Each structure stands twice: as structure tokens, then as C-alpha cells.
Number of protein chains: 2
Amino acid sequence: MSEIQVRDLIINAIKNKKSNVLKELFETIPTIDIAEAMEDIEDVSILIYPFRVIPSEYTGELFAELSTDTQEKIINAFSDKDLIKLLEESYTDDIVDTLQELPANVVSRVLRVAPTDLRKDINQLLLYKENTAGSIMTTEFIEMKNITSVKDAMSQIREKGKDAETIYTIFVRDAKRNFVGTVNLDDLIFAKDNETLEDIMDRDFVACHVNDDQEDVANMFKRYDLTAMAVLNKEDKIVGIITIDDVVDIIVEEANEDVAALNHVAPLEDSYLDTPAWKMAVKCVPWIVILIVLGTFTTMALDRIEKSAVFTAIPVLISFIPTLMDTGGNTGGQTIALMIRGLGTKEFSPKDFLRVIGKEALTAVMVSSCVALFGFIWFTIEQYTGIVTNENLFIDGVAPTIWNAKCWTATFASHTLSISGTVAVTLFIGSFVAKCVAVMLPLGVAAIKKDPAIIAQPILTTIVDVVSLVVYLLIAMGAAKLFGLY
Amino acid sequence: MSEIQVRDLIINAIKNKKSNVLKELFETIPTIDIAEAMEDIEDVSILIYPFRVIPSEYTGELFAELSTDTQEKIINAFSDKDLIKLLEESYTDDIVDTLQELPANVVSRVLRVAPTDLRKDINQLLLYKENTAGSIMTTEFIEMKNITSVKDAMSQIREKGKDAETIYTIFVRDAKRNFVGTVNLDDLIFAKDNETLEDIMDRDFVACHVNDDQEDVANMFKRYDLTAMAVLNKEDKIVGIITIDDVVDIIVEEANEDVAALNHVAPLEDSYLDTPAWKMAVKCVPWIVILIVLGTFTTMALDRIEKSAVFTAIPVLISFIPTLMDTGGNTGGQTIALMIRGLGTKEFSPKDFLRVIGKEALTAVMVSSCVALFGFIWFTIEQYTGIVTNENLFIDGVAPTIWNAKCWTATFASHTLSISGTVAVTLFIGSFVAKCVAVMLPLGVAAIKKDPAIIAQPILTTIVDVVSLVVYLLIAMGAAKLFGLY
């Protein structure tokens, strides 16, 4: 069946209140696909129908997968009884995610009807700052004492496990309520009934604290191949857990933020499709404006260059300016991109900085040499073929190109090569400086605890542009004197 | 204990062959941290010591976490018996990952000593193309018949589960060996002993095929919150499984590739720190060279502009060219970055394309309007304050700035505003075109099944630069005529 047929089937079953078809669909189609189809239904009295007839194990997940708009509509249409049932079937972290997007009056209604324990948990989770471990954790986890026997542990899981976000990791505490280890469900299954959790638990666990950044948490999951991790409070007691499914979303979110920041877009709070155009414009305009202001330094440098004697005498030099500026920006951009992702994914840590700087310096020499060498050849070709022309070097009023044997003189040839050389040397210095600045800037910005992705790139562009232009002017002046270009 | 103290402790225990200390360290410290510390040990006879004394449950993981160089050294130092033991303790997908990096002679030795079954699996996995589901799957999974009772299933898990990569998902087949569902371990634990897998299995599973792209697989894990997924062959029989820990690495890898490609770096095969400088240069140079060649179109356009009557008469217009080109590149870059990540993470699918184009067009109007308006003000300030000067408009040989009341004439004021207007209108058109091209290009490139991240960005830059320059020339000519600028 095609995607559209499935969608029609779902919508049909809901609109025509075919509860049996609907139940079968929930058994055979992933819930998120059903939630997406439901987004096409406008009428809220129809939208709430599935919540009344499908098995309760699906209701929490179905609700969590809906868009914020649809969630709000449904909550407003729900009776208090419906709402309590929904809350009971949902995980606390999903409820908190939803509440963070909803208007205040809806939030207070949800909190009013929530059972006391749940309300306490929700309020606590809502307090944690966005993007911290506390804000993404859930409070439904299985904690047992270290002296619990394997047999008792299994029966406790059978009894209480249904409400937990995961039963695959059991968190073990000692008599003082300190977190001392984790037991994976498979270890429990392979263990003997009379062993205690203390005997079989992993003591080489890692844990995070409520205020840790979610990006750091994601990196720990990746590094240690975890499926669940304990979140500790200041007293090192467990207050919640984070599971791998939330971490996958964070990894994607953080990568999207890096890409956006490197390309001058402020982080989106919602998914791309859920962000309206005006909001997108708000995310896009500020950095463009800042870059125009920063670009003023470039404009000033360029304004002086144009008026310099050497550029007035040899206007062809101006034609190469975009190439010089672009290439500096591009080579620097390569390094900064690798730095941002390396820092973001904790691929390198402070102790690797010297190694990173050394490697980038070496790479910079190689890249700049190759680019300058290629540039020298290419700029010569551009002049020979007349792609760029230098009227001040015209002979008898005719542009001297390689195709024009009459005008092809030794003087012109040497001028052409001098010009290519001038541009190529600038290209080398520009690329080298760009890569060096690009490796130092993110490390520097990260050291003062700011996000290097956002700040480093615009500063790099400005520095590289101005340096390229000033170096170009100096080298051109030197070359003009050396080779007697004018 | 600090990171360095832990490292010293590990190296000490290994060098001094303190097997008890070492065992305790493996129990209390994550294996990857121990593997990293071991990288500092040069002597291979010391390096292989831990493999002889630590519990066998750690050996496979320890080996998998080491760098390729160290792995090669260890394999060469191992006796055949050691090697067989290591292979038995490792997961097939880890072995294949290692073999893909090792030299041919080492690979053939490993295959020679591997038990027949394992060799067959390894050879099969090595056949799958890189970045496909087949190349990342493992063959160690638990498959059971649909008529198996819950009780039998549990005892089968206890018996065979130790060798499986995960026991949390059991893959269920019918009498014809067709894959019919999955059973999560928690469902098994909550079920009654006499129920069959058929009764309790999830039928709303998703699966992938051996040749599916790993990025698509990662997106399915994310969308459906999976921890394990079946990989099917052409006949829809299960041949392997992929688990979430491998997917986390893929998501990071794919994000890094997007960031690299958007910034003109070819994808790195190894991690940043493992890639030597010369290889980094090889990844960096090609696109820079291509961009210089593509930049020739910009150079040609600029060369013509400089020689046009209007730019010769009003040279200040040239000073704004970098701002125009940069802004077009930046606004287009914002859109292309959002497109690349949206396509990469399957946030939008073909059916959303019209919606995406509509939203970007609307955003483009808003962003371009704001930027042009700001530009108009800023360019006027630049002229008033003398940041850029137009010698052809000098009065009595003095630059007319707002600070210079004598020169401040109505004629100059109107000229200044006309120039700002000319640049601002070009800025609007350039930004608008950039954003529109930036939304169409990745969709177009994706439609012909090429990677939009790599190809779209350089083409965008070239198109935007040339369009900006041509539009600038036309508008400047029109404005010059309209306002009598020269």
C-alpha cells in the first residue's frame, strides 16, 4: 500500500468511527504515521475519537506525536476525566515537552487536573533550564536497593515496570540512597535467582547532573554506547533518567543548530515545517544585517585600494579581488566547520588543542601552496585568453592576448606573469591566515564559554577580507616597484 | 580523580602487570576510557597483556574501541589461538568495521583463523557496499518462530542470548521463514508463560533492506524511536539487525558530512584527529580550486562592470560590490543550509516541496525587504560619514560629508540617496533571487539523486554573484539616466 492509501484508510476509519478497523490499524501501523495522517483532520470532535477507542497503551504516544496546534485543540475538547486518563498514559517528559509549547491557560488546566504526584513532577521538570539534562529527563524509572535479590527484582519489574520509561536499565542505590550502579535487564535474566543486584551490577556506569548541557549528555551517550543514563541532583541522588530515544533527537537538533549557526541562521525552536515564514525571517535577518555592518571594514579597505596609485595604473588587479576574498573565506570556512563539529561532538578536548592547531597549520601550508600554484596558472590563463583585460597594457589600442600574435610581446608576458604572481602570493597569504584564524577563533570563543558556531564565522569573514585586501595592496605596491609594472 | 590520574592508574596497572588492579579498573571504568589510555602505550608486548587477564566479556569491546594502528599491532602480535578467542568475544559488525581499515595481509590472516560460520558471515558483510544497511548490520540476533511460547522464549534467551548483540528485541518469523513481527523483552516479561509470541508481538514494525542507505536507516530509527531494526534481503527474509548504538554514530557522521560539504570539505573517512594533515589537504583543495574556476564568471562580470560608463563615472558604486555579493551569498546560504538538513533528516518529503517553496518565497520577500531597507540607511551613513567617498562628486576638491557643511548641497544629498537606493534595490533583488535559487537547487539536485550538500552550494554562489553584478549594472545604468547622476 502506498503512503497516501494508508493515510486515506486511517482518516476514513476515524471519520466513520470504525473502531475495529482503527484498532487493527494501531496494531499494524507505527503510531507516528497515524498521528501524521490525523493532522489533516480539522474537526476536533472527530480528532478526539481515536483516544476513546484505541487501547490505552497507544494513547500517550499518539498524543505526543501530534503537532502543538492539534494537541491544544484536543486538550480544550477533552473533559477533565479524558485529560486525567491521557496524563496517566503519557510519560512525564512527553507531558513537559507538550506543556512548554502550550499557552498558559491550557497549561494551568492540565496542572489543575493532574494527580498530585504527577503535578509535583511536572512542576519540578518545568523549572529546569531549557537544554539541560533536567529539562529532558523523565521521572519514571526503576530504582532498587543493592541488596535486592534477582528474583525479587524480576517480580518488582513485572509489577512496576509498566509505568517506567525503560525496564532495560535498573538503577541501584545503597542504604544511604546513593546511586551505586546499574543493572541491565539482560544481566538480570542471565543471573541466578539468589544473587543480589550488588553482585551483578555494573559499577563502571556514567551519570550526568541536572544542570549539564544536553549536548554534553548526548556526547556521553555516544561515547559510552548507553541506552539510558541516570540524572543526579547536587547531592548525587538520582532524580530522573534520560533514554536514548530523546538523545537521538538532541543529536539531530544540535547538528541542525551547528549548520544553521555556521550559515548565519539563529536556532529554530520548532521544526522547519512548523516555523512560520515571519519567524524564519526573524531568524535570518539579524546576522545578515550584522554582516553588512561588519562588511563596512571591507568596504573601507576596498575604497582605499581603488584609489591607490597601483590599482589605478593596473585596474586588472581589481578584477581578482572577489576571487581573493572568496578563496580566503572558503579555506577559512573549511577549517571553522571542522572545528565547530569537533568541539560540538567532543571529538577533541582541551588536551588535543595543540595537536589540532599543529595539524591545521600544516594543512594550511599545503592547501595554501596548492591553491596559490593553481591560482598562478589560472590567473595567467584568464589574462592570456582575455577573460580579464588590462587596458593600460593595450598595444596600439588592442588587447594583447595569446591569440593576438602581433601584440604578444615579451614585456606583456612578463607583466602578465608578474600580475599572476602578485595575486597568487596574496592568495597564499590570505588562505594561510584564514585557516590559522579559523582554528584559533573557535577555540578562543569556546574558551570564554560562548557558542563558537555563531560568533566565530562572521568575525572570521571580516578579518580575512580585510587582511586579504591589505596584503594585496602591499604586495601589489611591492611588485609594481620590483617589476616596474607602471 | 582527574582524567589524567585515571589514565596513569590504567597505564601503571598494565605496565606492571597488576592483573587484579586491572580487573578492578575494568569493572569500575568505562572500557572506552581504558582503550584511550592504552593508546599511549607503544610496546606491543605490554599492549596485549590486558587481553590475557581481563574477563572475556570486556575483550571484544576493548579491542573495538582501539585505534586502527593499535588494532593492527595487536593482531600481528597475537597467536592464532589469541585471535580466535578475540573473534569469539567480538560482534561481527565490529570485526567487519575493523577489517575494512586493516591491510589485506592482516585481513586474510583473520579470515584464515576465523571459525567457518563466522568467516562466512564476515565475508558476506564485507560484500555490502559502504554506507548501506548491509554494511553496518550484525548477524548476531535472536530469531524465533511465532508459535514459540513465552516460557520457551525466555529459556531460549537465557541459553542463546549471550551471543546476540541485543536481547531486547526478538525477531519473529512464521513457518515459511517470513518476518512477521517483533517482541520486545519487556512485553515478554509482562506476558503469561503460556501465551505465544504471535499473541504478544508487535505487528506495526518497520524494517529496512540490505541496500538501503544508512542515512535513511538512521532517519527511520529517529522517526519510529527504535532500539533495533531488522535488515531484510530481497526475499524479505531477515539477514541481520541494526542497533541504536550504531545509528547514533551514523547520525553524527551524516551531520558532520553535511557541515563539511556545505563548507566545501570532502567527507572524511576517519575521525578528525585520525586524519593526517596531507589527507586533510586532499579533502580541502579540490573544491577551493573548483570555486576559483567557477569564480571566473564573477571575474568576467566584474571586469565588464568596471569598464562600464556608469561605474567609471561613479566609482563609489564599486565599493559596494563586496557587500552585494556577500549578502546574496549569505542570504542564499541560510536557505540552502536549512534545505540540506531538512532533506538529510527527512524532515520534509516530496509532498512538502510546494509548502517549502511557498514558505521560502515568503521568507525571501520579508528578509530581502528588511535587508534592503537597512542597507539603504547604512549605505547613506557610509557616504555621509565619508567611509566611502565619491571623488567625482567632490565640491571644490573637498569630499562632501555631513561634517562638512560647506559642501553639503542639495545636489549631493540627492545623489547620495540615489546611490544608496541603487545599491539597496540591487540588494533586494540579489537576496530574493539568492533565496529562491537556494530553495530550488537542493530540491533539484536531490531529485536527480545527487548529494545536494556538495553540489548545490558552489553553483549557488556562482549564480548569485553573477546575477547580483548584472542586476547592479542594469539598475545603476537605469538610475544614472533617471536621476542624472553623471
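Biologist: Over how many bridges do E2(B) and E3(B) pair?
Modeller: Strands are DSSP runs of E with at least two residues, helices are runs of H or I with at least four, and both are numbered from the N terminus. Two strands pair if DSSP finds at least two bridges between them. E2(B) and E3(B) do so in the antiparallel sense, and the count is five bridges.

Biologist: Before we go on, what pLDDT do local features need here?
Modeller: Residues count from 1 along each chain as its sequence is written, chains are lettered from A and ligands numbered from 1 in the order written, and side-chain values use heavy atoms, with hydrogens and water left out. The model is predicted, so totals for chains, interfaces and linings use all residues, side-chain atom pairs count only at pLDDT 80 or more, and local features need pLDDT of at least 70.

Biologist: Back to that strand pair: which residue in E3(B) is the bridge partner of Arg173(B)?
Modeller: E2(B) and E3(B) belong to an open three-stranded sheet in the order E1-E2-E3, with mixed pairing. E1 (143-145) and E3 of chain B are its edge strands, each pairing on one side only. Across the E2-E3 pairing, Arg173(B) has as its bridge partner Phe179(B).

Biologist: What phi does Arg177(B) have?
Modeller: Arg177(B) sits in the loop between strand E2 (169-173) and strand E3 (179-184) of chain B. Its relative accessibility is 45%, so Arg177(B) counts as partly exposed (buried is under 20% relative accessible area, exposed over 50%, partly exposed in between, with a 1.4 Å probe and protein chains only). Most residues other than glycine have a negative phi. Arg177(B) isn't a glycine, yet its phi is positive, about 65°.

Biologist: And in chain A, which residue in the turn between E2(A) and E3(A) has a positive phi?
Modeller: Five bridges join E2(A) to E3(A), and the two run antiparallel; Ile170(A), for one, stands opposite Val183(A). They form a hairpin with five residues between the strands, and the one in the turn with a phi of about 65° is Arg177(A).

Biologist: What turn lays chain A on chain B?
Modeller: Copies are superposed by least squares on the C-alpha atoms of residues with pLDDT of at least 70 in both. The fit gives an RMSD of 0.1 Å and a shift of 0.0 Å along the axis, so the copies are related as by a two-fold rotation axis. The turn that does it is 180°.

Biologist: At roughly what angle do the axes of H17(A) and H17(B) cross?
Modeller: Axes are lines fitted to C-alpha atoms, for helices over the stretch in contact, and angles run from 0 to 180 degrees between N-to-C directions. H17(A) is roughly parallel to H17(B) (under 35 degrees is roughly parallel, over 145 roughly antiparallel, 65 to 115 roughly perpendicular, and the rest oblique). These helices, residues 244-262 in each chain, have axes that come within 10 Å and cross at roughly 5°.

Biologist: How many nonpolar residues does that contact of H17(A) with H17(B) have?
Modeller: Contact means heavy atoms within 4.5 Å, and the residues making it include Val248(A), Ala255(A), Val248(B) and Ala255(B). Ala, Val, Leu, Ile, Met, Phe, Trp, Tyr, Cys and Pro count as nonpolar, Asp, Glu, Lys and Arg as charged, and the others, Gly among them, as polar. Here there are no polar and no charged residues, and the nonpolar count is 14.

Biologist: How far apart are the axes of H18(A) and H24(A)?
Modeller: H18(A) spans residues 277-307, H24(A) spans 452-483, and they pack at about 10°, which makes them roughly parallel. Among the contact residues are Trp287(A) and Phe297(A) of H18(A) and Pro458(A) and Asp465(A) of H24(A). By class that's twelve nonpolar, two polar and one charged. The axes are apart by 9 Å.

Biologist: At about what angle does H16(B) run to E5(B)?
Modeller: E4, E5 and E6 of chain B form an open sheet in that order, with mixed pairing. E5(B) and E6(B) run antiparallel, joined by five bridges, and Ala228(B) has Thr243(B) as its partner. Helix H16 (residues 214-224) lies across the three strands and runs to E5(B) at about 140°.
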